[in-house]
Amino acid sequence: MFSLTGVHLHPTWKRVEDDFVMGACSRRLFGYVSRDPEGVWSAFDEEARVVAAGVDLREVSEALWAHHLATHDDHCAPAGEAPWWRRPIRVARERHVASAR
Ligand SMILES: [Zn+2]
């Protein structure tokens, strides 16, 4: 299901290797796309399940993004909270202590 907040989201694609691309939403990594020796791209969600496959990287990655948007609200951190990679280390450490109680 698409939400109103999801409309404003955009994925960030990080090309790690020629044949490996990682995708992140505003909160966290949500999956990756890799190319097999035949040139076919496969998109995997965060549980390593194949979501889409094809020779067009753009189409495959967009399918992965659409797949993630359907679960973003349920699985990603609530809006208003900074992504973990943008939090100062000090804050992250406090959070760790708090969750250990
Ligand atoms: Zn998300």
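A residue counts as buried if 20 or more other C-beta atoms lie within 10 Å of its own, as exposed if 12 or fewer do, and as partly exposed in between, the C-beta atoms being placed from the backbone. By this criterion, buried residues make up 16% of the 101 residues in the protein. The model is predicted: local features need pLDDT of at least 70, side-chain atom pairs count only at pLDDT 80 or more, and totals for chains, interfaces and linings use all residues. Residue numbers start from 1 along each chain as its sequence is written.

**Exercise 1. Determine the order of the secondary structure elements and the arrangement of the strands.**

Step 1. Helices (H or I, at least four residues) and strands (E, at least two) are taken as DSSP runs, numbered from the N terminus. The protein has three helices and five strands, and from the N terminus on they run α-β-β-β-β-β-α-α.

Step 2. Strands pair if DSSP finds at least two bridges between them. The five strands form an open sheet with antiparallel pairing, in the order S1-S2-S3-S4-S5. Strand S1 (12-17) and S5 are the edge strands, each pairing on one side only. From one strand to the next, the twist averages 20°.

Step 3. The pairings can be followed by their bridges. Strand S2 (residues 20-24) is joined to S3 by five bridges; methionine 22 has tyrosine 32 in S3 as its bridge partner. Five bridges also join S3 to S4, with glycine 31 partnered by aspartate 45 in S4. Four bridges join S4 to S5, where the partner of phenylalanine 44 is valine 50.

**Exercise 2. Describe how H2 packs on the sheet and identify the largest nonpolar core.**

Step 1. H2 touches S1, S2, S3, S4 and S5, and its direction makes about 160° with that of S5. Axes here are lines fitted to C-alpha atoms, for helices over the stretch in contact, and angles run from 0 to 180 degrees between N-to-C directions.

Step 2. Within H2, the buried residues are Val60, Ser61, Leu64, Trp65, His68 and His72. An α-helix has 3.6 residues a turn, so residues three or four places apart point the same way.

Step 3. A nonpolar core is a set of buried Ala, Val, Leu, Ile, Met, Phe, Trp, Tyr and Cys residues joined through C-beta atoms within 7 Å. The largest one has nine residues: Val21, Tyr32, Val33, Trp41, Ala43, Ala52, Val60, Leu64 and Trp65. Strand S3 (29-35), strand S4 (41-45) and helix H2 (57-75) each give two or more of them; the largest share, three residues, comes from H2.

Step 4. Contacts require C-beta atoms, placed from the backbone, within 7 Å. Not counting residues up to four places away in sequence, leucine 64 touches Gly23, Gly31, Val33, Ala43, Val51 and Ala52.

**Exercise 3. Locate the positive phi values in the two hairpins.**

Step 1. The hairpin of S3 and S4 has five residues between the strands, and glycine 39 there takes a positive phi near 90°.

Step 2. The hairpin of S4 and S5 has four residues between its strands, with alanine 48 in the turn. Phi of alanine 48 is near 65°, a positive value in a residue other than glycine. Most residues other than glycine have a negative phi.

Step 3. Is alanine 48 buried or exposed? Alanine 48 is exposed, because 8 other C-beta atoms lie within 10 Å.

Conventions
Two residues are in contact if their C-beta atoms, placed from the backbone, lie within 7 Å.
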